[in-house]
Every structure is written in C-alpha cells, then in structure tokens.
Amino acid sequence: MEKRLRIKTILAAKPLDREIEIHGWLKSKRESKGLAFLDITDGSTLAGLQVVADESLSNFTTDVARLTTGCSVAVRGLLVASPAKGQEVELHARQIRVHGWAPPDSYPLQKKRHTFEFLRSVAHLRGRTNSLGAVARVRSRLSWAIHLFFQQRGFFQIHTPIITTSDCEGAGEMFTVTALDLDRLPRNDAGSVDYSLDFFGRPASLTVSGQLEAESYALALGNVYTFGPTFRAENSNTSRHLAEFWMVEPEMAFCDLEDDMDLAEEMLKFLIADCLANCGAEMDLFARFIDKDLPARLDNVLQHPFVRLSYTEAVKELQNCGRSFTFPVAWGIDLQSEHERYLAETLCGRPVIVTDYPQSIKPFYMRCNDDGRTVAAMDILFPGIGEIIGGSQREERFAQLKERMEQAAIPLENYEWYLDLRRYGTAPHAGFGLGFERLIQFVTGMGNIRDVIPFPRTPGSSTI
RNA sequence: UCCCCGGUAGCUCAGUCGGUAGAGCAGGUGGCUGUUAACCACCUUGUCGGCGGUUCGAGUCCGUCCCGGGGAGCCA
C-alpha cells in the first residue's frame, strides 16, 4: 500500500483500484443517511480529494460523524473512479483516523468565504484557505523561478548582509540594531549615545538594500544577484508597503542601462510565464475569485514589448495630454502616482520603462548622463500597481562619484570601500531592484501586499 | 503622517425618523443511500469597538480614544 501519497500526486497519477493512504485537513463534509462525503486537502495542491465514508467504518458515529471543517485525518482506502459528477476519482475509506480535532465553536475558519481582512487576524491559520494557500504556492514557485532565471544565465547569488553598518544607504528610514540596554544607554561627553560600546563598536541597522554590496561582487564575478529580506522603518500605511519585504537585486558588470532594461523585461516575462505554466490551478482561482481581468492583463504583459520613454518625453506627454493633475507637471519634479498611472494605464496600456530622470531627484550612485542634468536611471511602471522595478547604471567614474557623494553629504569615511571599487579596476555596471511581494501582487491580482507574505510587518502591526 | 470610510452574533452583513436586536452562513438535534457552497424542519448565539456627553430613552446624535479598510505622501 502506498503511504503518505500527496493529493497532487494522486490526482495526476490516478492509481485506480489501489489501496492508498492520505493525510490532510477536512475542508467540508456532506452527509446523507449512513454516508458521508469528506473533502480533504493536504496543501499539495488546490484541489481536494473526495473521501466517501459509510457506516461500515467502526468509528463512523464516534468519529466520522463528528468531523468538522479543519480537523486533520488519515484516510486509508481504495481509490476508485467516481460515479458522480464533480470529480474524476474518489477514495472509499476503509479506515479513518483523526489526527486532530478542530472544535467548531472556536476554530475561526469556516466552510465559507472569509474576508482577507479577517484572515489577516488569523495569519497562522489562513494558509489553510484556498486563496491564501494558493498565494503561498505561487510565492514559492516565483521564488524558485527567480533562481532558475538567474542561474540559467550564469548569475551567482550573493548573500549580502542583513545587518549593515553603513550610516546611510539612501533608501528610507532604517531599523536600528543594538545590543545596548535601552534603559541605560552609555553617553559620551557630548551627551549622545556612545556607540563605541555597542556590539559592533558603531551604529548598526537592518539593511534597506543589498545593492552596494552586490556591486562589490559584480565587480568580481561579473553577473550576480541578491534575493533576501529588506527592512524599511517608514510609516507607510498602504496596500503596497511592508516594513519587512523581500527584494531581488541583480547587478552586472560591463553592462549599461540598455542591457539593464533588457534583462529586467526578460525577467518579468519569464517569471509570469513560468507561473502560468506551473501554477495553473492557482492562476485559475485568482482569475475566478480575485480578478476577472487578470489573465488578459498578464497576457498583455507577455505579448508586447515594454514601452520605453525618457523622463523628459514623459513630462511632455503629461503636459500635453489635456488632463489636469492634482500635482502639476513640470520638468524636475518627481512623478506622482497619478502621473505614473496615466502613463502605464492610459497612454500606453502596458508596462512602461521611464528612463533618464533628473539627477536632483535620484540617489548619488546613479551614473550622470552627458547632458549633465539627468542620470541613467530606469523605473518600470506596471498598470494597476505602479513602480515594480527601480534600477540604474551606476556611476563607475571615481571623480564623478566622489563629487556626487560630497554634494549629497554622504560621510565618505564609511564608503571608502565603495570608492575603492572605482579606484581599482572600475567598470561600467548596472542593476535594479524588484520588490518580490509587488511581483506576487501583480501575478496573483491580490490587492493588498499583506496577503502575499505569510506574516506581514507593517507600522503598528506584527502579530506572530 | 494626512484625507475619506467603517467597527452590530463565531463569520458575512441589514438595522428606516432616537423607542429597547435581525437575516444568511457556521454550530446543535432530527430527516434523507451519492453529496458537490448538499437539501428540508426545528433550536442555540450579542460588552452593538472603549470611555464620556445630550436625551424620558442611544446600535442610531455629539466629543474623544483604539482598531481596520481605501486613497495620498515615501518607496520596492
């Protein structure tokens, strides 16, 4: 007898008229006289397996009749073709053992639709629902597909540090990491905290980006990528922001902005296509229950080249489109959500890459263009979700980089190592950052980023 | 952080002009040899987010705080 067969395997192989054993959770139960139909899922796939139980089971009245949604069971029986509509095969139980009960007066999940808002309050259980389980499987697949994409192309994964002692990485508020006793902080003569007594002998934080460290290894191994957690202490309360999220950051030596954009576009299309090919059941669920337009929107991304337009062109389009925006458009301003939405959704109707932003609104490490007022930056804007990728060609020229850092008041003493990359064997290089959860949002159609990560961290909220 | 909306049974929600609490689902009991969100009958379930105020009377009106959602800013 086959033990511990997973339902995904059973539904694919359909080992008919064989005795098998499954383990899973009861999704729903339907009873007639002396007969019960149990829908069992084990998490391996969206679909459940129908188990047919009758009174000949020794524990039919003592156990089987008392089963409710959420109970975990082991079922041993014969897999047969189903005589009724709705499923191809079913398992005729010869033995049912209860692993664990789920008292219905306290178990929060019911045989009905719950709001995502409610499910967030039971984050430790919500993976058992169809939709959140599907999100978890898609997330896992996308994670794997990211490694596939880069490894197939000869990129090396670099584990950049989670704890950083760079004062400023130019990407938002940081979480402090300390081993000091916060109730009894050591002070120096000036009255400020004496970090020389802290664990690292200097201030430390959680990383807001692995880019700078990735640059170091790009200038050693050529093509590298990072994929790990990232932390921002911004007080952002939106459906697109987390305090802890996962970011993918490729970095390539001997690579310009054009190559960077090509890679980003190829990667996004690869990831979407991979998900459609390998998570069919989950994608069908999202199309049915989450967003009816999802298949068309994904197909639209796959079928067309992304529109590429410079910031200067984008500003002209926005000024001449005849719309009045809440934030007026002028060359030099940062594009607002309403502007980005117009570009991606109305003007182009597909992903747009906006390039060559004004130097004044972008970080110091982006490469200055020959015009002296723009930098070789690119943002990829997706319809419905906004910025999903931000990238640039990096400033590889020592003098120009040092000047930009001084202008931006970056403490050079902490970045000598970064300047060394330009002092010794510098090379043109470029990279970008992809917000992993935003990608999952786009692929699944899920509206709130808190529902595409198992245990979301947001301002004022990190239950579990 | 700002703007808007919301918080009523385990869940999803209704609750009129201020007059004393409702439905569906879930759960329980019974019925039905094959159900598919099973069905039929009956039954159970309340700190109306907290505190304060107005009123003869507050789920309803006012103030305030807490929590959640949507949007904005910032970003990925």
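Helix H3 is followed by Gly154, a residue whose phi is positive, near 80 degrees. The model under discussion is predicted, and this helix is a convenient point of entry to it. H3 covers residues 130-152. At 1.5 Å a residue, its 23 residues should span 33 Å, and the end C-alpha atoms are 32 Å apart, so the expected and modelled lengths agree.

The next step is the packing of H3 against another helix. Two packed helices are described by the angle between their axes and the distance between the axes. For H3 and helix H5, which comprises residues 257-278, the angle is about 135 degrees and the axes lie 9 Å apart. Angles over 145 degrees count as roughly antiparallel and those from 65 to 115 as roughly perpendicular; the pair H3 and H5 is therefore classed as oblique. The crossing of H3 past H5 is right-handed. By class, the residues in this contact are 12 nonpolar, two polar and three charged. On the H3 side, the contact residues include Val138, Arg141, Leu142, Ala145 and Phe149. On the H5 side, Leu263, Glu266, Met267, Phe270 and Asp274 are among them.

H5 also leads to a sheet. The helix lies across strands E11 (244-253), E12, E13 (352-355), E14 (377-382), E15 and E16, and it runs at about 30 degrees to E16. These strands belong to an open sheet of eight strands with mixed pairing, in the order E6-E10-E11-E16-E15-E14-E13-E12. Its edges are formed by E6 (156-157) and E12 (307-310), each of which pairs on one side only. Within the sheet, E15 (residues 386-393) and E16 (residues 429-435) run antiparallel and are joined by five bridges. One position in this pairing sets Gln393 opposite Ala430 in E16.

A further helix pair is formed by H10 (residues 398-407) and H11 (residues 416-423), which pack at an angle of about 155 degrees with their axes 9 Å apart. That angle makes H10 roughly antiparallel to H11, because angles over 145 degrees fall in that class. The crossing of H10 and H11 is right-handed. In this contact, Phe398, Leu401, Lys402 and Met405 of H10 meet Tyr418, Leu419, Arg422 and Arg423 of H11. The contact has five nonpolar, no polar and three charged residues.

The model also contains a closed barrel. Strands of a sheet pair through backbone hydrogen bonds, either parallel or antiparallel. The barrel has five strands with mixed pairing, running E1-E2-E3-E5-E4. On average, its neighbouring strands are turned by 55 degrees against each other, direction ignored.

Two pairings in the barrel can be followed residue by residue. E1 (residues 19-32) and E2 run antiparallel and are joined by seven bridges. Lys29 has Leu38 in E2 as its bridge partner. E1 and E2 form a hairpin with two residues between the strands, where Gly34 takes a positive phi near 70 degrees. On the next pairing, E2 (residues 35-41) and E3 (residues 49-54) are antiparallel over six bridges. Here Leu35 stands opposite Asp54 in E3, and Ala36 is opposite Ala53 in E3.

Key
Residues numbered from 1 in each chain as written. Chains lettered and ligands numbered in written order. Predicted model: local features only at pLDDT ≥ 70, side-chain atom pairs only at ≥ 80, totals over all residues. Heavy atoms only, no water. Pairing = 2+ DSSP bridges. Helix = DSSP H or I, 4+ residues; strand = E, 2+ residues; numbered from the N terminus. Axes fitted to C-alpha atoms, helices over the stretch in contact; angles between N-to-C directions. Expected span 1.5 Å × (residues − 1). Parallel < 35°, antiparallel > 145°, perpendicular 65-115°, else oblique. Left-handed = near helix turned anticlockwise from the far one by under 90°. Contact = heavy atoms within 4.5 Å. Nonpolar A, V, L, I, M, F, W, Y, C, P; charged D, E, K, R; others polar.
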